Amino acid sequence: MSAALSVDSWKDQARSLSYRNQCFVGNRFVSAASGKTFTCVNPATGAPLTQVSAGDKEDVDRAVKAARAAFEKGVWSRIAGSERKKVLLRFADLMEKHATELALLETLDMGKPIGDSSTIDVPLSIQCIRWYAEAIDKIYDEIAPTPPNAISLIRREPLGVVGAVIPWNFPLLMGSWKIGPALATGNCMVVKPAEQSPLSMLRLAELAAEAGVPEGVFNVIPGYGETAGQALGRHMDVDAITFTGSTEVGKYFLKYAGESNMKQVSLECGGKTPNIIMADAPDLDAAAEAAAWGIFFNQGEVCNAGSRLIVEESVKDAVLEKIQKVAQILQPGDPLDPKTKMGAMVDETQMNRVLGYIEAGAKEGAKLAFGGKRVRAESGGYYIEPTLFDGVKNSMKIAQEEIFGPVLSTITFKDQDEAVKIGNDTIYGLAAAVWTKDINKAFKTSQALRAGVVWVNCFDNGHISSPFGGFKQSGFGRDKSLHAMEKYTQLKATWINIS
């Protein structure tokens, strides 16, 4: 990985980059059947990067047929697990070989800092593919405790054709969270990347083919959600959909499944994470720094961003002062500069959406403590400075709706019960955090919070071995860990009578 490159070096490599911009079906690139394309834009400058094939219903059908044919032939699903492991390990090796290219694609297409793409997104994506490759031959099936005259074999079998709909904020990493376990368990895939950031996934598909993933096993159809996404969700020959994105769109996939073939659906949707800082936090400086990074990292475009700072009244002013100091070093800059800590919003639509929430917060009576404006407009890019509201009521729009931007809402509480009540007062339940040195308070609070992941005295910590997913309208099903493999398999019991 070339994290030590200068800004000029990164820009030189960016200028020489070539883009894969067609549908990837049956291990080759093909234009969309309609011939239509859409413009892929660099969020840092507002300038076009390339034209990308706009896949639609016919292209999805072509990809699903390729995936189904590969699955039925057994070229992937019925080969030895040790062979799948070898291929996926070669795949991870190729990702590592092309890590600089993948990091550039992620930054140019999505707007995140190259320092993050090169040291977080790409390495963790490689780790994910390797981890699931290594898991393949280490998971055993079961034998039930039957009477002596019978044997019941309990096996997990691949579902078949899995449709994966990938978000624009972490296209490579969250794509890998789905590709790793789905391919490891023997499925064939049709991936629909977000139209805002499809480039890294198209390159990833090419690397998979180079690694030896058979024809038809891994297909990618770029396109719009309402066309390609809906076609995948409604397809009668897709066995499962795995989706990461907004709760609004997640509900559409439940509807599509119900109106088609009742395909399995797993959803990782929105969040409004409560980050609870109690007065007895073991280190207020660390808590404040984590709170700042927890909302401003990746421009706040993170499903589990700590967008609600729920802080005990007696330490609120001290915590906000420290957060403001951290925010000063997180000002937006050129994403290709390794020194930049905060990049551009993914597109103009998202930038305007976030600015609209900032305006709504002020109108509802929240106090704008700092930030709140578009910056670097002269670049042509879509930048918003770190923003913090004080005096927020949990009933306000900015406290209830997912903003998906660098906007932090501060809400105070008097005691532990009130903190939990505020934390749970949301339709979401993706993640939560609590800061206290009292182990009893920490444990009781973590139990009471309705969230799929709860951090204690840290924020956004994790590992590929630990599951990630939500409660309530944040969805169901888990990414990461061995548990992710469960949603790409189905149980079969084979009862053998012994007479």
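This note comments on selected strands, one buried lysine and the nonpolar cores of a predicted model.

1. The open sheet. Three strands, in the order S5-S6-S24, make up an open sheet with antiparallel pairing. Strands S5 (142-143) and S24 (489-497) occupy the edges with a single partner strand each, so one side of each has no neighbour in the sheet. Strand S6 covers residues 150-158 and is joined to S24 by nine bridges in the antiparallel sense. Within this pairing, Arg155 has Lys492 of S24 as its bridge partner.

2. Strand S20 and its partners. Strand S20 spans residues 431-435 and pairs with strand S21 (residues 453-456) in the parallel sense, through four bridges. S20 also runs parallel to S12, to which three bridges join it. Val434 can serve as a reference point for both pairings: Ile276 stands opposite Val434, and Val434 in turn stands opposite Val456 in S21.

3. Burial of S20. Of the five residues in S20, five are buried. In a regular strand, side chains alternate between the two faces of the sheet. Here both faces are covered, with Ala431, Ala433 and Trp435 buried on one side and Ala432 and Val434 buried on the other.

4. A buried lysine. Lys272 lies in the loop that connects strand S11 (264-268) with strand S12 (274-277). Which side chain of opposite charge is nearest to this buried residue? That side chain belongs to Glu402, at 7.7 Å, and Lys272 has no salt bridge. Because a salt bridge requires a side-chain nitrogen of Lys or Arg within 4 Å of a carboxyl oxygen of Asp or Glu, the distance of 7.7 Å to Glu402 does not qualify.

5. Polar surroundings of Lys272. Backbone oxygens do approach the lysine side chain: a polar atom of the Lys272 side chain is 2.6 Å from the backbone oxygen of Glu401, and one lies 2.9 Å from the backbone oxygen of Ile398. Leaving out residues up to four places away in sequence, Lys272 also touches other residues, including Ser307, Arg308, Thr426 and Tyr428.

6. The nonpolar cores. In soluble globular proteins, nonpolar side chains tend to be buried together. The largest nonpolar core in this model comprises 131 residues, and Leu88, Phe91, Ile179, Phe218, Leu309 and Ile323 have the most contacts inside it. With neighbours within four places in sequence set aside, the contacts of Ile179 include Phe91, Phe218, Met189 and Met201. Another core, of 26 residues, lies apart from the largest one and has Met278, Met351, Val354 and Ala451 among its members.

Definitions and conventions:
Residues are numbered from 1 along each chain as its sequence is written. This is a predicted model: local features need pLDDT of at least 70, side-chain atom pairs count only at pLDDT 80 or more; totals for chains, interfaces and linings use all residues. Side-chain values use heavy atoms; hydrogens and water are left out. Two strands pair if DSSP finds at least two bridges between them. Helices (H or I, at least four residues) and strands (E, at least two) are DSSP runs, numbered from the N terminus. Buried means under 20% relative accessible area, exposed over 50%, partly exposed in between (1.4 Å probe, protein chains only). Lys and Arg count as positive and Asp and Glu as negative; His and the chain ends are not counted. A polar contact is a pair of N or O atoms within 3.5 Å; within protein, one must be able to donate a hydrogen and the other to accept it, and residues adjacent in sequence count only if both atoms are side-chain atoms. Contact means heavy atoms within 4.5 Å. A nonpolar core is a set of buried Ala, Val, Leu, Ile, Met, Phe, Trp, Tyr and Cys residues joined through side-chain atoms within 4.5 Å.
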